[in-house]
Amino acid sequence: MATWVYRWGFSSDFVIQRLLQKQATGWAAHATKRKLLRATSTASGVPRRLYTLATQGLELACQHAPKLLDYKEQDPLAINQATIRHELFASIWRYLCCEGPEPNMFYLGGSGRRQLRHG
């Protein structure tokens, strides 16, 4: 998960939960307590929190990353709040198209159409 957040810069509860294929929520909060992630409230409230890498998480991600990147999200308040939803949708789309094992993992039910929800 640390390498995912490293590549995309940040993530949300919902995306992290789905990527880990967990039914229960709370992994991101647990990783925050372990000082792997840093939680930051968003201005719009959707999603409620963004998760970026804390120092220990960044070190872990750099150890496992195939390519080192310039991680600009060390200051989560500098993230462009206007593009958060777009970036999260792009990360979900990338996972579904190129990396994801289960095509319906982001389907939340409803009236026969796919619905994406941010946590």
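## Close-up views of a predicted model

**View 1. Tyr6 and Tyr71, a buried pair.** Tyr6 is buried, and so is Tyr71. Both belong to a predicted model. Their rings form a stacked aromatic pair, 6.0 Å centre to centre with 25° between the planes. Tyr6 sits in helix 1, whereas Tyr71 lies in the loop between helix 4 and helix 5 (84-99). The two are 65 residues apart, and the pair links distant parts of the chain.

**View 2. The surroundings of Tyr6.** Neighbours within four places in sequence are left aside here. Tyr6 is then in contact with Leu53, Leu58, Ala61, Cys62 and Ala65. Its other contacts in this set are Lys67, Leu68, Leu69 and Tyr71.

**View 3. The largest nonpolar core.** This core has 14 residues. Tyr6, Leu37, Leu53 and Tyr71 have the most contacts inside it. Which elements each supply at least two residues of this core? They are helix 1 (2-8), helix 3 (27-33), strand 2 (49-53) and helix 4 (55-64). Helix 1 gives the most, with 3 residues.

**View 4. A second, separate core.** This one has 11 residues. Among them are Phe14, Leu50, Ile84 and Leu88.

**View 5. Trp4 and Trp8 in helix 1.** The model has 2 aromatic pairs. Trp4 and Trp8 form a tilted one, 5.9 Å centre to centre, with 40° between the planes. They are separated by about one helical turn because they stand 4 residues apart in helix 1. In an α-helix, residues three or four places apart point the same way, because each turn takes 3.6 residues. Is each tryptophan buried or partly exposed? Trp4 has a relative accessible area of 6%, so Trp4 is buried. Trp8 reaches 22%, so Trp8 counts as partly exposed. The cut-off for buried is under 20%.

**View 6. The buried side of helix 4.** Gly57, Leu58 and Ala61 are buried in helix 4. They cover an arc of only 100° around the axis, so they lie on the same side of helix 4. What do the buried residues of helix 4 pack against? Their partners are helix 1 and strand 2. Leu58 and Ala61 are both in contact with Tyr6.

**View 7. Thr40 in strand 1.** Thr40 is found in strand 1, which spans residues 37-41. Its relative accessibility is 13%, so Thr40 counts as buried. With neighbours within four places in sequence left aside, Thr40 is in contact with Arg48, Arg49 and Leu50. Pro76 and Leu77 are also in contact with Thr40. Leu50 is included in the second core as well.

**View 8. The whole chain, for orientation.** The protein chain has 5 helices and 2 strands. Along the sequence they follow the pattern α-α-α-β-β-α-α. Of the 119 residues, 37% count as buried. Among contacts with a separation of 6 or more, 56% come from residues 24 or more positions apart. The chain exposes about 7,200 Å². Carbon and sulfur atoms supply 51% of that area.

How values were computed: Residues numbered from 1 in each chain as written. Predicted model: local features only at pLDDT ≥ 70, side-chain atom pairs only at ≥ 80, totals over all residues. Heavy atoms only, no water. Core = buried A, V, L, I, M, F, W, Y, C linked by side-chain atoms within 4.5 Å. Buried < 20%, exposed > 50% of the residue type's maximum accessible area, 1.4 Å probe, protein only. Contact = heavy atoms within 4.5 Å. Phe/Tyr/Trp six-rings, centres within 6.5 Å; stacked < 30°, edge-to-face > 60°. Arc of directions from axis to C-beta. Areas by Shrake-Rupley, 256 points an atom, 1.4 Å probe, with all protein chains shown as cover.
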